[in-house]
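Me: I would like to go through this structure by question and answer. Please keep to what can be read from the coordinates.

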Amino acid sequence: MGKLIGILVPVLALAQHGKDDEKARHLFMGDAARIEAGRKIYAGGCAGCHGPEGMGGRGPSLVERGAWHPMSDEMLFKTIQNGVGIMPAAKLPEDRGWELAAFVRSLTAPAIEMKAPGAAAAGAMLFWGRAGCSACHRIGDKGGFTGPNLSNVGRSSTLPKLRRSILEPDYERTPGFERAEVVLRDGAKLSGLVKDRTNYQLQLQLKDGTLRTLDMKQVEALDLQSTSAMPGDYGARLSREEITNLVSFLRQQSPQ
Amino acid sequence: MKLFLPLVFAAALQAQVSYEALRQSPNENWLTYAGDYQGRGLSPLVQITPDNARNLTPKWTFQVPGAKGLRARPVVAEGVMYYTNTNAIYALDARSGRVIWQYNDTQSKKEAVNRGAAILGNQVYFATADCHLVSLDRRTGGLAWRKQYGDIKDGVFCSAAPVALRDKIIVGTAGGDEGMRGYLAALDAVSGKEVWRTYTVPKRGEPGSETWGDYIEYGGAATWLSGTFDPETNTLYWTTGNPWPDFYGGDRKGDNLYSCSLLAIDADTGKMKWYFQFTPGDWHDWDAQSWPVLVEVNWEGKPRKVVFHANRNGFLYVLDRETGRYLRSQPLIQKLDWAKGIDANGRPIPNPDKNPTPEGNRVCPGVRGATNWMSQSWNAATGLLSVVVLEQCDIYTSSSKKPEPGTNFAGGGAGPRPNEPGQFFVRSFDPLTGDLRWQYPMTGKAEMWAGLTGTASGLLFSGDDDGHLIVLDSRTGKHLYHYQTGAQIYSSPITYMVEGKQYVTIANANALFTFSLFAPVESVPVPPVKIH
């Protein structure tokens, strides 16, 4: 336990002091080929403790950011190479070490900061057209309200999360999008998304974006859908290339 | 899987917030930072009265994540409260304080206090500390855009609540204590494109530049408090901050236009219609950041549009709103020794030897001013302007060291003697005659920044200097209610109504507290929830 604290302290201390230093950004960061190479190194060693997807296990999660600001590239590289607390030193050749650092960074970096293959324009056509994404998701002033607003998803999500949320929407559901049917004591029926719910109150967003704030004592019955409304078969409906194009489009979404 | 029911309630609860709606605020809603455009600080709500205020009871608390010294005042539209903190905004159920959505701006390169949000149409706007105006869909928190209107490399940062007009969002700038050039700007409400920008310090060679010295490029005159607005004449009334360096004016001999001033600005063009400078060539950091309260009064037998301004320099001014002409003034405080008074043109008559010195010079009022950016309340029915004032003297020191912008250099400093702390009061004046009708003294360490909100039912809500929400009778100053929030208060309260119930909200340093009249809690049956 004492050693675990040793791991956490440097991370938090860094988080308190300044931003990710752009000057210190290593060339491999965001490079798809280097990240892929890093992924293989990761799978061969690190995954045992940090989990196959970096979600954590015996070791801490590398996906959930513990603090507002990430570690600098240099600190990440040194932590990998030299170890920290009970984590052993990787002692990889320098380029391999940087490849591994690039992979670890890709787990948490905003998608827009990472290089990714694919044709964004083709992805946009899928989003607004055949894939049907915009029926539920909104970007800018177009699209639906029944799924998370994706206007800033390139900044608020990571590349692995983007890909996974298309292929496995139920893996990690965004809070505030649980579907509900509500019957009120006066007989009225409502259908919408649960933005927040306690035993006393319910905040329901209707299909057109309208918000209804209700007291639970008004509620006769509440039926909730625990699964994501997003179809789980995009892996079959879209080709690998199309998924890549869609991710490429989504990762660019960060309005200025 | 069960098919979902079609939409039954077609009537949209969240109608677009129109410019007309903004003009009618406050009513059940509190749609602007000041409540209304004119900065009058008076709600028409009458459910809570002097007779029943003792039955107020806390309804909910929202601990604002990471908050340290909250300055913001919420806005409320149709049961949803929007509240800002540094680089973050929360949409809350105004009845329960539960979070509907939140947005954290992870791109901002600076952290600083934030004073609030603005709403127009379907959007809610706030400024990041690094001067990006953020536009979000207020139904979902979806980001429409973030447009830069200032660069922290120029010594500027941003804290003011934006002001939404018909089609523009007006933003201000902060940073005048470290050397920068102040301005306010208008951004298109839809596209975020900058429509105009008006600097508050002239460029070298421009008219007014002769009132400065060598450091005109870093003159300050920041615009860090939202202005007020007269929709009838389309005029913004915006105050400006101190000249830089704050406490040493030896290198900027002259009036230092347009610092420590009130500017009347054409909202379409940004052109200055007139200015009135309260403290020419200021050496005491007496920003003019206190609200220009826009009212119509009977002046010498005729209706007249005037502006009340309770200034940090210790005087309460009445100006003609159309021309900026000085009409009258009076002291807000008793501890006032830097000036003998105000002359017929509105210019202070300074006492000699009241500037800061290297050894330290005791001057009243103190650097925090006789009042500051906390809200005031004007009640036309009683003819009273209520102001939070601070009776305090400080020891002001100065340094003639060569000023270096961006280095925390203010040319000196100020603070009270440990054995002479200040004291806050709520004071209600007839601003047309100067009569002080009543005052409510506070205990405490003279550390708060709480302001006032009045109601048509005859109440004043405020924070006190000990961390209480307090409620006073606005006609007499009689105490009616208090509640200890557990931390110091640095913001002004608001009041609003949802589903027939009136609420009062105030932020202390860390959290929002909301109150309403006592009603017994009815038992809520365990909800019949089915999860499929």
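The turns below deal with a predicted model, beginning with a sheet and ending with a single residue.

Me: Which strands stand at the edges of the open sheet of 6 strands?
Reply: The order in this sheet is S6(A)-S5(A)-S4(A)-S3(A)-S7(A)-S41(B), and the pairing is mixed. A strand at the edge has a single partner strand, so one side of it is left without a neighbour in the sheet. The two strands in that position are S6 (211-215) of chain A and S41 (529-531) of chain B.

Me: By what angle are neighbouring strands of this sheet turned against each other on average?
Reply: The strands in question are those in the order S6(A)-S5(A)-S4(A)-S3(A)-S7(A)-S41(B). With direction ignored, the average turn between neighbours is 35°.

Me: How does S7(A) run relative to S3 of chain A, and how relative to S41(B)?
Reply: Strands of a sheet can pair either parallel or antiparallel, through backbone hydrogen bonds. S3 (residues 178-184) and S7 (residues 219-225), both of chain A, are joined by 6 bridges and run antiparallel; within this pairing, Leu184(A) has Val219(A) as its bridge partner. On the chain B side, 3 bridges join S7(A) to S41(B), where Asp223(A) stands opposite Lys530(B). So S7(A) is antiparallel to S3 of chain A and, towards S41(B), parallel.

Me: Which element gives the largest share of the side of chain A that touches chain B?
Reply: The contact involves 41 residues of chain A and 39 residues of chain B. On the chain A side, two or more residues come from each of S3, S4 (189-197), S5 (201-206), S6 and S7. By class, this side has 12 nonpolar, 16 polar and 13 charged residues. The largest share is 6 residues, and the element that gives it is S7(A).

Me: Against which helices do the buried residues of H10(A) pack?
Reply: Helix H10 (residues 240-250) of chain A is mostly covered, with 8 of its 11 residues buried. Among the buried ones are Ile243(A), Leu246(A), Val247(A) and Leu250(A). The buried residues of H10(A) pack against three elements of chain A: H6 (120-128), H7 (153-156) and H8 (159-167).

Me: What distance separates the centres of domain 2 and domain 3 of chain A?
Reply: The domain assignment gives chain A a domain 1 (2-109), a domain 2 (120-172 + 230-250) and a domain 3 (178-225). Taken over C-alpha atoms, the centres of domain 2 and domain 3 of chain A are separated by 27 Å.

Me: In the sheet S28-S29-S32-S33 of chain B, which residue stands opposite Asn379(B)?
Reply: This open sheet has 4 strands with antiparallel pairing, and its edge strands are S28 (377-379) and S33 (436-441). Its neighbouring strands are turned by 25° against each other on average, direction ignored. S28(B) pairs with S29 (residues 384-391) of chain B over 3 bridges. Opposite Asn379(B), in S29(B), stands Leu384(B).

Me: Is Leu204(A) buried or exposed?
Reply: Leu204(A) is found in strand S5 of chain A. Leaving out residues up to four places away in sequence, Leu204(A) touches residues including Ala180(A), Val182(A), Leu193(A) and Leu214(A). A residue counts as buried when 20 or more other C-beta atoms lie within 10 Å of its own. Leu204(A) has 22 within 10 Å, so the class is buried.

Note on methods. Residues are numbered from 1 along each chain as its sequence is written. Chains are lettered from A and ligands numbered from 1 in the order in which they are written. This is a predicted model: local features need pLDDT of at least 70, side-chain atom pairs count only at pLDDT 80 or more; totals for chains, interfaces and linings use all residues. Two strands pair if DSSP finds at least two bridges between them. Axes are lines fitted to C-alpha atoms, for helices over the stretch in contact, and angles run from 0 to 180 degrees between N-to-C directions. Two residues are in contact if their C-beta atoms, placed from the backbone, lie within 7 Å. Ala, Val, Leu, Ile, Met, Phe, Trp, Tyr, Cys and Pro count as nonpolar, Asp, Glu, Lys and Arg as charged, and the others, Gly among them, as polar. A residue is buried if 20 or more other C-beta atoms lie within 10 Å of its own, exposed if 12 or fewer, and partly exposed in between; C-beta atoms are placed from the backbone. Domain bounds come from an automatic or database domain assignment.
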